[in-house]
Amino acid sequence: MSLDPARDPLDVDALLDDRKTRIVVCCGSGGVGKTTTAAALGLRAAERGRSVVVLTIDPARRLAQSMGIDSLDNVPRRVEDIKGDGELCAMMLDMKRTFDEIVEAHADKERARAILSNPFYQSLSAGFAGTQEYMAMEKLGQLRARDDWDLIVVDTPPSRSALDFLDAPKRLGSFLDGKLIRLLMAPAKVGGRAGMKFLNVGMSMMTGALGKLLGGQLLRDVQTFVAAMDTMFGGFRKRADATYRLLQAPGTAFLVVASPERDALREAAYFVERLAADDMPLAGLVLNRVHGSGAAGLSAERALAAAENLEERGIVDQEDGKIAGRSSSEAPSSEAPTSAAPTSPEAPGSSASTGTPSEGSEPASASGPAPSAATSDTPVADASDTSGTPVADASVERLTVGLLRLHAERMRLIAREQHTRDRFTALHPEVAVAEVAALPGDVHDLAGLRTIGDQLAAARGTEGPAGAA
């Protein structure tokens with residue numbers, strides 16, 4: 001698979017070396033290698049002299065393992081064995097802990113204690129739809145405000161849709177401004193029993209329906225939570241808007257990560273269009289797990305034809321004098337060669353039993369006469385299968401057939417990936433692309449991350465990755 005030479009490839013090193021680049025966001029649909037890409041970018045930037053923190057939201061803990069860290073949490077951990085003058089830290093978003101930190105930072109102790117112990121808040125902070133994406137935005141804003149690192153690499157949440165990350169602040173704002181929240185805030189704004197009387201008299205039908213839907217205790221928990229959070233709602237919206245503007249700033253670069261598959265590239269295309277619509281800076285596309293072949297000159301059709309030829313033992317493409325895989329000298333003949341050994345009772349085998357050599361024959365050597373092809377002393381290795389082909393040759397042929405068919409499957413896969421990629425680039429010719437070859441196994445250490453970083457930086461514009469498996 002190859003890039004269009006007329007289009008400039010993605011220059012990853014130039015992006016990482018630019019000190020004006022302060023945030024790199026790796027986004028894309030789930031399962032395309034965002035976490036590994038983010039880690040590889042962070043490591044490469046650190047080894048080129050940057051002070052980097054990688055924020056991952058992937059709970060699989062593969063990032064910690066690949067960086068030689070026992071575990072990651074909501075606190076940045078330093079990565080050892082970095083080559084060069086840079087520094088690398090890594091952390092994994094703890095959604096609930098981040099929410100707790102926001103409450104503790106923006107509410108007095110008594111109010112914070114009431115919020116943190118509220119059952120509705122505990123459910124909200126642990127799994128409310130969109131909370132993970134919003135908390136990722138909050139943590140990004142916190143890291144940027146600290147200014148301890150000159151580059152932040154963000155691995156976005158493994159959402160069903162890549163757009164969830166950008167939509168989270170808007171969804172939270174809609175939730176906080178919704179009619180239900182305003183309804184539940186009404187008693188708190190009026191205050192005490194008067195407030196409850198106001199709510200019961202003015203909206204008795206609504207609260208009755210809510211009580212049946214949510215349950216009386218849950219409704220009270222929600223009302224208590226909303227009353228305690230009332231003064232913080234404005235802060236949520238303000239910080240969400242600030243982080244959104246930060247993502248639009250010139251110092252931010254988005255890298256869309258995708259595999260060369262139809263669904264992943266369709267999602268990538270949606271994301272590219274969304275970034276353009278929201279005026280967010282797109283650096284390019286990382287096309288991950290691209291397959292290649294060191295024998296691309298052998299097409300799938302020719303490989304299959306050769307495999308079928310071997311299986312059927314045909315004469316197609318056989319050299320002159322070859323019949324069904326045997327040379328003409330091996331072909332059976334009705335005429336015995338003149339040099340063949342006698343088959344009469346006076347043959348050397350019979351005279352040997354009496355110790356009298358045949359007339360005209362050479363005396364036997366001390367080791368006995370040399371065996372002929374017709375004797376029963378033929379080595380086992382020369383045994384043949386029912387088609388007359390030696391067993392060893394048949395095994396080689398079966399192996400060759402299997403390899404040819406595997407190669408044909410690989411070439412068809414490469415063709416599908418090329419077609420899918422060409423559809424994307426036809427729609428978005430302005431997007432720079434870097435390809436990363438598929439590796440034979442998972443990345444589990446710094447050396448593997450360096451390999452990914454080298455491939456990202458190579459961005460070959462005229463030839464695909466060689467030797468990908």
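Here is a walk through the fold, from the sheet to a helix pair and then to two aromatic pairs. Keep in mind that this is a predicted model.

Let's start with the sheet. It is open, has eight strands with mixed pairing, and runs in the order β3-β4-β2-β5-β1-β6-β7-β10. Out at the edges you'll find β3 (77-78) and β10 (433-437), and each of these has a single partner strand, so one of its sides has no neighbour in the sheet. As a reminder, strands in a sheet pair through backbone hydrogen bonds, and they can do so in a parallel or an antiparallel way.

Now zoom in on β1, which sits between β5 and β6 in the strand order. On one side, β1 (residues 23-27) runs parallel to β5 (residues 151-155), and four bridges join the two. If you'd like a spot to check on screen, look at Cys26, whose bridge partner in β5 is Asp155. With β6, strand β1 again pairs in the parallel sense, this time over five bridges. Here a handy landmark is Ile23, whose bridge partner in β6 is Thr252.

How much of β1 is buried? Five of its five residues are, so to speak, under cover. In a regular strand, side chains alternate between the two faces of the sheet. In β1, Ile23, Val25 and Cys27 point one way, while Val24 and Cys26 point the other way, and all of them are buried.

Next, move to the helices. Helix α17 (residues 446-458) lies across β7 (282-290) and β10, and runs at about 145° to β10. Helix α17 also packs with helix α2 (residues 34-47), at an angle of about 85° and with the axes 8 Å apart. The two helices, α2 and α17, are therefore roughly perpendicular to each other. Which residues make the contact? From α2 come Thr36, Thr37, Ala39, Ala40, Leu41, Leu43, Arg44 and Glu47, and they meet Leu446, Leu449, Arg450, Ile452, Gly453, Asp454, Leu456 and Ala457 of α17. Sorted by class, this contact has nine nonpolar, three polar and four charged residues.

Last stop: the aromatic rings. Searching the whole structure turns up two aromatic pairs. In one of them, the rings of Phe99 and Tyr121 have their centres 5.1 Å apart and their planes at 80°, so this pair is edge-to-face. Phe99 belongs to helix α4 (residues 95-106) and Tyr121 to helix α6 (residues 119-127), so to find both you'll be looking at distant parts of the chain, 22 residues apart. Phe99 is buried, with a relative accessible area of 5%, and Tyr121 is buried too, at 0%.

The other pair is Phe254 with Phe271, whose ring centres are 6.4 Å apart and whose planes are at 50°, so this pair is tilted. Phe254 lies in strand β6 (residues 252-258) and Phe271 in helix α13 (residues 262-277), so the pair ties together parts that are 17 residues apart in sequence. Phe254 is buried, with a relative accessible area of 0%, and Phe271 is likewise buried at 0%. That brings us back to the sheet, since β6 is the strand that pairs with β1 over five bridges.

Technical notes. Residues numbered from 1 in each chain as written. Predicted model: local features only at pLDDT ≥ 70, side-chain atom pairs only at ≥ 80, totals over all residues. Heavy atoms only, no water. Pairing = 2+ DSSP bridges. Contact = heavy atoms within 4.5 Å. Axes fitted to C-alpha atoms, helices over the stretch in contact; angles between N-to-C directions. Parallel < 35°, antiparallel > 145°, perpendicular 65-115°, else oblique. Nonpolar A, V, L, I, M, F, W, Y, C, P; charged D, E, K, R; others polar. Phe/Tyr/Trp six-rings, centres within 6.5 Å; stacked < 30°, edge-to-face > 60°. Buried < 20%, exposed > 50% of the residue type's maximum accessible area, 1.4 Å probe, protein only.
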